[in-house]
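Take a look at the sequence and the model below. This report walks through the fold piece by piece.

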Amino acid sequence: MNMGKRVIGWAGAAGTGLLLAVIGIGGVAGRVRASQQVPAAVAAVAATSAPAAPGPLPAAAASPADKPVVVAGTVPDEATRVAVLARLRALYGEARVVDRIEVDNVVAPPNWQSHVVNLLGDDLRQVSGGQLEVNGNVVRVQGEVGNEAQRQQLASRMSTSLNRTWTVHNVLRVGGSKQAVLDQALANRTIEFQSGSANLTAQGIAVLEQMAAAMRSIGTARVRISGHTDNVGARAANVTLSQSRADAVRRYLESAGIEASRMTVQGLGPDRPVADNSSADGRARNRRIEFTVL
């Protein structure tokens with residue numbers, strides 16, 4: 001039996017297995033990035049009042065505050081259906097939520113209902129043009145948020161609301177063309193260092209060459225370089241290591257022609273995880289360098 005796939009976003013709603021998806025745009029009137037919303041849950045349709053169809057969906061004509069939130073797919077029982085709908089209606093209002101959920105004999109991972117409802121946090125209202133996929137115990141969230149703090153906090157909240165058998169992939173991007181240029185250049189890759197040190201590997205240098213080109217393309221914009229670690233070892237040592245790695249990135253970018261005055265650095269150690277440190281994959285994702293346009 002299928003453990004299930006749940007997708008939120010532009011794909012057509014689907015077939016067999018554990019599936020559920022929600023998409024919607026709303027908030028206050030006017031097209032402010034943080035006022036558009038895409039909720040989460042589990043399978044695939046669009047924010048339009050027309051029946052869902054496979055493939056890309058046309059833009060809805062309604063204003064952001066009026067567009068419906070459509071939830072569709074297959075869940076294992078009526079209790080899950082009721083819980084998901086109740087949470088969405090609390091977030092977006094009963095009139096906007098369109099129920100296309102089906103109940104069928106599908107197998108869900110343990111505590112699936114509570115985990116899915118936990119994903120539907122108030123902070124999803126900060127996301128515009130977004131999509132949430134849940135495939136087994138793997139969550140992928142994408143879309144646009146207003147700033148880097150929102151991007152990190154939303155992914156961190158999702159990770160900590162789930163247990164360690166789940167993985168959250170944060171593909172959210174920060175609105176604004178200059179930040180988008182850096183985000184696209186980094187493309188969720190890790191800038192690698194030799195273990196326990198601030199010495200860049202060949203792979204890390206290759207990524208930084210592309211980041212240097214991206215920084216040249218955004219003119220004189222100032223950028224903050226933030227170093228992060230996992231939580232293995234003493235916090236003080238991790239903060240020092242993250243600072244040293246951020247400094248190493250700045251030095252490399254300077255050598256590539258980026259003005260030192262455009263860059264600030266900070267080392268945050270293990271204090272802002274984006275994944276669960278109890279797994280090797282989570283720790284690897286938390287060891288990262290981030291670039292934020294100021």
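How many bridges join strand E3 to strand E4, and do the two run parallel or antiparallel? Strand E3 (residues 69-75) and strand E4 (residues 97-103) are joined by 7 bridges, and they run parallel. Valine 70 shows the pairing: its bridge partner in E4 is valine 98. Between the two strands, the chain passes through helix H1 (residues 78-92). This β-α-β crossover is right-handed.

**The whole chain**

Keep in mind that this is a predicted model. The chain has 7 helices and 10 strands. It holds 294 residues, and 49% of them are buried. Now count the contacts with a separation of 6 or more: 72% of them are between residues 24 or more positions apart.

**Two nonpolar cores**

In general, nonpolar side chains in soluble globular proteins tend to be buried together. Here, the largest nonpolar core has 27 residues. Which members touch the most others? They are Val71, Leu88, Val139, Leu154 and Met158. Several elements give two or more residues to this core: E3, H1, E4, H2, strand E5 (128-135), strand E6 (138-145), H3 and E7. H1 gives the most, with 5 residues. Apart from this core lies another, of 25 residues. Among its members are Leu182, Ala214, Ala246 and Val249.

Back to methionine 158 of the largest core. Leaving out residues up to four places away in sequence, methionine 158 touches Leu119, Leu124, Leu132, Val141 and Val168.

**Helix H2 and its buried face**

Helix H2 covers residues 112-119. Its buried residues are Trp112, His115, Val116 and Leu119. Why do they line one face of the helix? Seen down the axis of H2, the buried residues fall within an arc of 100 degrees, so they share one face.

Histidine 115 belongs to this helix. Its relative accessibility is 8%, so histidine 115 counts as buried. Setting aside residues up to four places away in sequence, histidine 115 touches Pro110, Ser161, Leu162, Asn163 and Trp166.

Trp112 also has a partner in H1. Threonine 80 sits in helix H1. Beyond residues up to four places away in sequence, threonine 80 touches Val75, Trp112 and Gln113.

**Helix H3 and strand E7**

Helix H3 (residues 148-161) has 14 residues. What span should it have at 1.5 Å a residue? The expected span is 20 Å, and the end C-alpha atoms are 20 Å apart, so the two agree. The buried residues of H3 are Glu148, Gln150, Arg151, Gln152, Leu154, Ala155, Ser156, Met158 and Ser159.

Valine 168 lies in strand E7. Valine 168 and serine 156 are 12 residues apart in sequence. In space, their C-alpha atoms are 8.8 Å apart. Not counting neighbours within four places in sequence, valine 168 is in contact with Val139, Ala155, Met158, Ser159, Leu162, Val274 and Arg285.

**Buried or partly exposed?**

The table sets out the relative accessible area of four residues. Buried means under 20%.

| Residue | Relative accessible area | State |
|---|---|---|
| Threonine 80 | 2% | buried |
| Valine 168 | 3% | buried |
| Histidine 115 | 8% | buried |
| Alanine 187 | 41% | partly exposed |

**Helix H4 and the loop after it**

Helix H4 covers residues 177-186. Its buried residues are Gln179, Ala180, Leu182, Ala185 and Leu186. What covers them? The cover includes strand E7 (167-174), H5, strand E8 (223-228) and strand E10 (288-293).

H4 is followed by alanine 187. Alanine 187 lies in the loop between H4 and helix H5 (202-217). Most residues other than glycine have a negative phi. Alanine 187 is not a glycine, yet its phi is positive, near 50 degrees. Asparagine 188 is in the loop between H4 and H5 too. Asparagine 188 is not a glycine either, and its phi is also positive, about 60 degrees.

Key
Residues are numbered from 1 along each chain as its sequence is written. This is a predicted model: local features need pLDDT of at least 70, side-chain atom pairs count only at pLDDT 80 or more; totals for chains, interfaces and linings use all residues. Side-chain values use heavy atoms; hydrogens and water are left out. Buried means under 20% relative accessible area, exposed over 50%, partly exposed in between (1.4 Å probe, protein chains only). Helices (H or I, at least four residues) and strands (E, at least two) are DSSP runs, numbered from the N terminus. The arc is that of the directions from the helix axis to the C-beta atoms. Contact means heavy atoms within 4.5 Å. Two strands pair if DSSP finds at least two bridges between them. A crossover is right-handed if, with the strands pointing away from the viewer, the path from the first strand over the helix to the second runs clockwise. The expected span of a helix is 1.5 Å times one less than its number of residues. A nonpolar core is a set of buried Ala, Val, Leu, Ile, Met, Phe, Trp, Tyr and Cys residues joined through side-chain atoms within 4.5 Å.
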